[in-house]
Amino acid sequence: VTMTSGALVNLVQCHTAWIARDQSTAPRGPVAQFSAFSFDVSAWEIIEPLTAGKQIAVPDAAVRRDPAALVRWLDEHEVQEICTPQVMVEAIAEAALEQGLALPALRDISQGGEALRLPPRLRAFLSLRPGRRLHNLYGPTETHLVTQFALPAEALDRWHSTTAPIGAPIWNTRLHVLDRWLRPVPPGVRGELYIAGAALARGYWARPGLTAHRFLADPFGPPGSRMYRTGDLVRWTGDGQLSFAGRTDD
């Protein structure tokens with residue numbers, strides 16, 4: 001995938017503004033750099049803290065693999081933000097509860113790459129720290145991250161579902177939920193997700209046929225704009241969030 005720097009810049013500026021909006025009076029503590037450098041999320045983990053005047057804390061490989069050690073490391077370094085896969089989010093919650101560590105500095109936990117689940121032990125851990133938020137992030141490699149849903153710990157009592165939406169679009173991103181004839185579907189109706197805007201990659205390196213198949217002309221945007229066909233099935237909820245509903249190739 002050939003990705004320009006503009007998609008990352010847009011993501012960094014958007015997420016920095018969202019986090020700062022709710023942390024304007026909080027001290028700027030460390031942000032964990034957890035992802036492998038070969039994963040595109042690592043660029044966001046590194047660049048965003050540096051542009052926001054924050055510190056970066058980097059655990060060694062042994063700590064990354066051991067949830068119990070990672071929890072102690074998060075507590076020792078008073079890490080405020082971390083982004084990990086769902087399986088590690090649950091492992092952190094379990095290890096923290098087992099060790100009796102509330103991780104009071106850890107305010108924002110983000111996960112992406114798979115459906116967000118909210119089992120009882122994760123709910124219990126999130127509730128230990130007032131103001132803690134769990135962020136559900138979504139975005140294929142061809143677009144970087146394009147949606148975000150934040151679930152505050154205070155809302156868990158009212159959130160009875162075991163899953164969460166993939167969220168609303170970030171800045172400068174257009175999301176189209178379309179039927180097989182590329183017509184918009186109404187809220188609540190399942191359709192395929194197409195992504196347009198600043199997040200799009202240029203295409204697949206040296207694969208013009210595949211690029212033409214997945215990156216289509218955007219009939220809803222300005223002349224010359226494109227949209228990416230994700231293959232993901234989603235629904236718009238009544239409050240403007242996207243809910244994941246499967247894959248077209250399932």
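A salt bridge here is a side-chain nitrogen of Lys or Arg within 4 Å of a carboxyl oxygen of Asp or Glu. With that in hand, a good place to start is Arg229 and Glu192, whose side chains meet in a salt bridge at 3.1 Å, N to O. Arg229 sits in strand β11 (residues 226–236) and Glu192 in strand β9 (residues 191–197), so this pair ties together parts of the chain that are 37 residues apart in sequence. The two partners are not equally covered: Arg229 is partly exposed, with a relative accessible area of 28%, whereas Glu192 is buried because its relative accessible area is 8%, and buried means under 20%. All of this is read from a predicted model.

The structure holds 11 salt bridges, and a few others deserve a closer look. Glu90 pairs with Arg117, and the closest N and O atoms of the two are 3.0 Å apart. This link, too, runs between distant parts of the chain, as Glu90 belongs to helix α5 while Arg117 is in the loop between β4 (108–112) and α6, 27 residues apart. Glu90 counts as partly exposed, at 24% relative accessibility, and Arg117 is also partly exposed, with a relative accessible area of 33%. Next comes Glu94, which forms a salt bridge with Arg121, again with the closest N and O atoms 3.0 Å apart. Here the partners lie in two helices, Glu94 in α5 and Arg121 in α6, so parts that are 27 residues apart in sequence get tied together. Glu94 has 28% relative accessibility and counts as partly exposed; Arg121, with a relative accessible area of 40%, is partly exposed as well. Back at Glu90, salt bridges that share partners join Glu90, Glu114 and Arg117 into one network.

Moving on to the nonpolar side of things, the largest nonpolar core has 32 residues, and the members that touch the most others are Leu74, Ile92 and Phe125. At least two core residues come from each of α4 (67–77), α5 (86–99), α6 (120–126) and β6 (147–152). Helix α5 gives the most to this core, with 7 residues. Helix α5, then, takes part in the core and also carries Glu94 of the salt bridge to Arg121. As for Phe125, leaving aside residues up to four places away in sequence, its contacts are Ile92, Ala93, Ala96, Leu97, Leu101, Ala102, Leu103, Leu106, Ile109 and Arg132. A second core, separate from this one, has 17 residues, and Val177, Ala199, Tyr204 and Val234 are among them.

The domain assignment of the protein chain splits it into domain 1 (5–168) and domain 2 (170–247). Taken over C-alpha atoms, the centres of domain 1 and domain 2 are separated by 26 Å. On the contact itself, 22 residues come from domain 1 and 21 residues from domain 2. How much area is buried between domain 1 and domain 2? The figure is about 1,700 Å², and carbon and sulfur atoms give 66% of this area. Three residues stand out on the side of domain 1: Asn10, Glu142 and Val146 supply 33% of the area that domain 1 buries against domain 2, more than any other three residues.

What kinds of polar links cross this interface? The rule finds 0 salt bridges between domain 1 and domain 2, but 10 residue pairs are in polar contact across the interface. On the side of domain 1 that touches domain 2, the elements that give two or more residues are α1 (5–22) and β6. Helix α1 gives the most to this side of domain 1, with 8 residues. Strand β6 supplies residues here and is also one of the elements giving at least two residues to the largest nonpolar core.

Finally, two residues have backbone angles worth a glance. Glu78 has a phi near 50°, a positive value in a residue other than glycine. Glu78 is placed in the loop between α4 and β3 (81–83) and counts as exposed, at 54% relative accessibility. For Ala206 phi is near 60°, likewise positive in a residue other than glycine. Ala206 lies in the loop between β9 and α7 (208–214), and is exposed, with a relative accessible area of 66%.

Methods: Residues numbered from 1 in each chain as written. Predicted model: local features only at pLDDT ≥ 70, side-chain atom pairs only at ≥ 80, totals over all residues. Heavy atoms only, no water. Core = buried A, V, L, I, M, F, W, Y, C linked by side-chain atoms within 4.5 Å. Buried < 20%, exposed > 50% of the residue type's maximum accessible area, 1.4 Å probe, protein only. Helix = DSSP H or I, 4+ residues; strand = E, 2+ residues; numbered from the N terminus. Contact = heavy atoms within 4.5 Å. Domains from an automatic or database assignment. Buried area = accessible area lost by both parts, 1.4 Å probe. Polar contact = N/O pair within 3.5 Å; in protein donor to acceptor, adjacent residues only side chain to side chain.
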